[in-house]
Amino acid sequence: GATIGVLGGGQLGRMMALAGSAMGYRFVALDPAEDAPAGQVGDQIVADYDDRTAARELARRSDVITYEFENVDADVAAMLMSESYVPQGSELLYTTQHRLREKRAIEAAGVRVAPYAEIRSADELREAVRRFGLPCVLKTATGGYDGKGQWVIRDEAEIARAYETLGTAGTELVLEQFIKFDKELSVIAARSPQGEIKAFPVAENIHVDNILHLSIVPARVPTDTLKEAERLAIRIAEGLGAVGLIAVELFWSASDGLYVNELAPRPHNSGHYTMEACRTSQFEQHVRAVCNLPLGDTALLTPVVMVNVLGEHVAPLIDHLADRDRAAQAEQFNVAPKLHLYGKSEIINKRKMGHVNVLASDTEAALAWISETNIWRV
Ligand code: ATP
Ligand code: MG
Ligand code: MG
């Protein structure tokens, strides 16, 4: 069978390799961590992401190359295009690696983002804060994740400190108006090299400490909002000429509608629910897209809530799932918790270790199961 080379070997690469292995593809991941989650499923080249010799080796061993996180060096991806088949190209990476480029591309596709301004000095920041009003969110243009590299400015007195703290990161800064959202949503769309596009059902996402805690599907918003969110994601996938998955994070306010927050050109945490709850998982869909296969049906098979498993949750969760009485009771209420652990060797508090997809007759029953475990104290 054909071999898929993956830049990055984390849990997203692992789940991609699990889905793709079932389809008969071989995988080789490039990742600096000796025990990378994806390396336990396929082969691994242990090297830094920007190691060009290792990247050439990856190209030599692969029929098609993809990536599983967006901070892969876009220049390395561009170089690989002349050495192998990189259906996603490097431009989408380049665009989504930088919040200002990304926002401009979203707007060019005809979709709205929160009002924003490029910030080059403390004076510019002061002026933009005056324009947008408080609160505002100052973000580094590159490198941020899980809320790192951002500062919610709630008081004018914080301006100088926020600028100095984030300004030392050595990247451009962007100020965003704070959107008083009622819900955070996401839509993951896939586009094939031929331009076929399919979107997965909209997820309602709840974050704790800036890390995704729950994805609730179907999202509890009006049907019109679901349709509009899906339309926006498809417009973005088309407008940016994406190939493979593109995840679109959105803010929704009942009074003011939808704004795009940010994009990720890869499998997304908020799409893990698709593994059991959809006819095609996001990982299978990504493999299909980059391997030029027809896209799979994205229909939802069952209501589901995905709950994230951090290091501190692992032991109580395993205890809970091992309890036969509780398992029988869950089954009686038609609740099926599906465990996915990422094979990380060290259990560390706050570290993403896995997730549980809680399938149920309705999302309230899934949420009740999660709450009754007493594992997630939120
Ligand atoms: P990720 O881990 O999703 O990549 P990130 O570090 O790139 O996160 P964002 O998604 O930009 O950060 O922001 C993190 C969270 O902060 C959002 O999910 C949202 O809850 C909140 N947030 C960010 N920007 C805004 C905004 N303009 N208005 C209101 N809330 C915001
Ligand atoms: Mg992000
Ligand atoms: Mg985000």
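Helices and strands are DSSP runs, numbered from the N terminus. By this numbering, Pro135 lies in the loop between α6 and β6. The peptide bond that leads into this proline, from Leu134 to Pro135, is cis. Its omega is near -5°. The structure described here is a predicted model.

The protein chain is divided into three parts: domain 1 (3–86), domain 2 (115–177) and domain 3 (183–373). The centres of domain 1 and domain 2, taken over C-alpha atoms, are separated by 34 Å. The sections below take up one region after another.

The description begins with an open sheet of 4 strands. Its order is β3-β2-β1-β4, and its pairing is parallel. The edges are formed by β3 (43–46) and β4 (64–67), each of which pairs on one side only. From one strand to the next, the twist averages 25°. Strand β1 covers residues 3–7 and runs parallel to β4. The two are joined by 4 bridges. One residue pair can be named here: Ile4 has Val64 in β4 as its bridge partner.

Two helices come next, α2 (residues 52–61) and α3 (residues 74–81). They pack at an angle of about 40°, and their axes are 10 Å apart. Angles under 35 degrees count as roughly parallel, and 65 to 115 as roughly perpendicular. The helices α2 and α3 are therefore oblique to each other. The crossing of α2 past α3 is right-handed. On the α2 side, the contact involves Arg52, Ala55 and Ala59. On the α3 side, Val76, Met79 and Leu80 meet them. The residues of this contact of α2 with α3 comprise 5 nonpolar, no polar and 1 charged.

A further open sheet also has 4 strands, in the order β5-β8-β6-β7. Here the pairing is antiparallel. The edge strands are β5 (116–119) and β7 (150–153), and each pairs on one side only. Neighbouring strands of this sheet are turned against each other by 20° on average, direction ignored. Strand β5 is joined to β8 (residues 173–177) by 4 bridges, and the two run antiparallel. Within this pair, Ala117 has Leu175 of β8 as its bridge partner. Helix α6 packs on the sheet and touches β5, β6 (136–140), β7 and β8. The direction of α6 makes about 15° with that of β8. Helix α7 also packs on the sheet, touching β6, β7 and β8. The direction of α7 makes about 175° with that of β7.

These two helices also pack with each other. Helix α6 spans residues 122–132, and helix α7 spans residues 159–167. The angle between them is about 130°, with their axes 10 Å apart. Angles over 145 degrees would count as roughly antiparallel, and 65 to 115 as roughly perpendicular. The helices α6 and α7 are therefore oblique to each other. In passing α7, α6 makes a right-handed crossing. From α6, the contact is made by Ala122, Leu125, Arg126 and Val129. From α7, the residues are Ile159, Ala160 and Tyr163. The residues of this contact of α6 with α7 divide into 6 nonpolar, no polar and 1 charged.

Further along the chain, strand β13 (residues 244–253) pairs with strand β14 (residues 257–264). They run antiparallel and are joined by 7 bridges. The two strands form a hairpin, with 3 residues between them. Across this hairpin, Glu249 stands opposite Glu262 in β14.

Two loops carry backbone features of note. The peptide bond from Val217 to Pro218 is cis, with omega near 0°. Pro218 is found in the loop between β12 (211–217) and α8 (223–239). Lys350 is found in the loop between β16 (336–341) and β17 (352–359). Phi of Lys350 is near 75°, a positive value in a residue other than glycine.

Key
Residues numbered from 1 in each chain as written. Chains lettered and ligands numbered in written order. Predicted model: local features only at pLDDT ≥ 70, side-chain atom pairs only at ≥ 80, totals over all residues. Pairing = 2+ DSSP bridges. Axes fitted to C-alpha atoms, helices over the stretch in contact; angles between N-to-C directions. Left-handed = near helix turned anticlockwise from the far one by under 90°. Contact = placed C-beta atoms within 7 Å. Nonpolar A, V, L, I, M, F, W, Y, C, P; charged D, E, K, R; others polar. Domains from an automatic or database assignment.
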